[in-house]
Amino acid sequence: MSREFLPRRREPAIIPVMNQTIEPQPGIFKDQYPYTTIIVRWLFLTAEMGLGAYFAFLFGLFNLGYIYIIYGIIALTVLQPLIRCVRCYYYGKRCNIGLGKLVPLFYKKADDDNFSAYYGYSILIWPLRLIPIGVGSLQILDGLLSEFKFVPQGLFGVYLAVLFFHRRFYRAVSCSKCRQKAVCPVYDIVAMRAGMEKQGNLTEKRLHND
Ligand code: SF4
């Protein structure tokens, strides 16, 4: 049968989106971020983690404060690199948080460049925010029932402000010039679904070829 009568195979919607990651557009995207951006991001992160640990210690059960600190270190040194950095354009480069230069010392680059394929596992990092938000909310409740003080209720407000301004900062300064933004779920949640579909197609193809 002539090929033109065969039903056309639809290309997955991801293809045009994925290509945008590596399109060279000098002046729009950054290949390396300035040290000032990295320093500001680490100041925000330190404030966020420090206040987060404070609220985890406030809980007073299960040694939650120590668990929080240990889990934070694991998230930074294992989860973040394996879920995101090894598939990132900035692997080996000075990314906006500086990990791009460090991660290659400990982890090999992934075979696929599908940045968003495993992004769903970022859920493992969520407790680092859910714990302080949960404990802080309990403190607010306590303040409503008794008395509001700067410590701890006011500090919870500071923690939320840090989260808010940190996000505003990296969206404006980092994400806007990032080569990954077309496929980054932080920027566009649809990118995660598209990335997972692409990964599923690749796996299926591999199984089919075996
Ligand atoms: S778009 Fe933003 S969150 Fe996503 S990889 Fe780039 S800098 Fe990071």
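Which residues of H2 are buried? They are Thr 37, Arg 41, Leu 51, Gly 52, Phe 55 and Ala 56. Here a residue is buried if 20 or more other C-beta atoms, placed from the backbone, lie within 10 Å of its own.

Keep in mind that this is a predicted model, where local features need pLDDT of at least 70 and side-chain atom pairs count only at pLDDT 80 or more, while totals for chains, interfaces and linings use all residues. Residues are numbered from 1 along each chain as its sequence is written.

**The overall picture**

The protein chain has seven helices and zero strands. Helices are DSSP runs of H or I with at least four residues, strands are runs of E with at least two, and both are numbered from the N terminus. Of the 210 residues in the chain, 25% are buried.

**Two helices side by side**

The expected span of a helix is 1.5 Å times one less than its number of residues.

| Helix | Residues | Expected span | Distance between end C-alpha atoms |
|---|---|---|---|
| H2 | 25 residues | 36 Å | 36 Å |
| H3 | 20 residues | 28 Å | 25 Å |

So for H2 the two values agree, whereas H3 falls short of what a straight helix would reach. H3 also bends by about 45 degrees at Ala 75; that bend is the angle between axes fitted to the seven residues ending there and the seven starting there.

What covers the buried part of H2? The cover includes H3, H5 and helix H6 (150-174). Right after H2 comes Gly 60, with a positive phi near 75 degrees. In H3, the buried residues are Tyr 68, Pro 81 and Ile 83, and they pack against H2, helix H4 (99-102) and helix H5 (127-145).

**The cores**

A nonpolar core is a set of buried Ala, Val, Leu, Ile, Met, Phe, Trp, Tyr and Cys residues joined through C-beta atoms within 7 Å. The largest one has 15 residues, and Cys 85, Cys 88, Tyr 91, Cys 95, Leu 99 and Val 103 touch the most other members. A second, separate core of nine residues includes Phe 55, Tyr 68, Ile 131 and Val 162. In soluble globular proteins, nonpolar side chains tend to be buried together.

**Around the ligand**

Now for the ligand: the residues around it are Asn 96, Ser 174, Cys 175, Cys 178, Gln 180, Lys 181, Cys 184, Val 186 and Tyr 187. Each has its C-beta atom, placed from the backbone, within 6 Å of the ligand.

Note on methods:
Buried ≥ 20, exposed ≤ 12 C-beta atoms within 10 Å, placed from the backbone. Contact = placed C-beta atoms within 7 Å.
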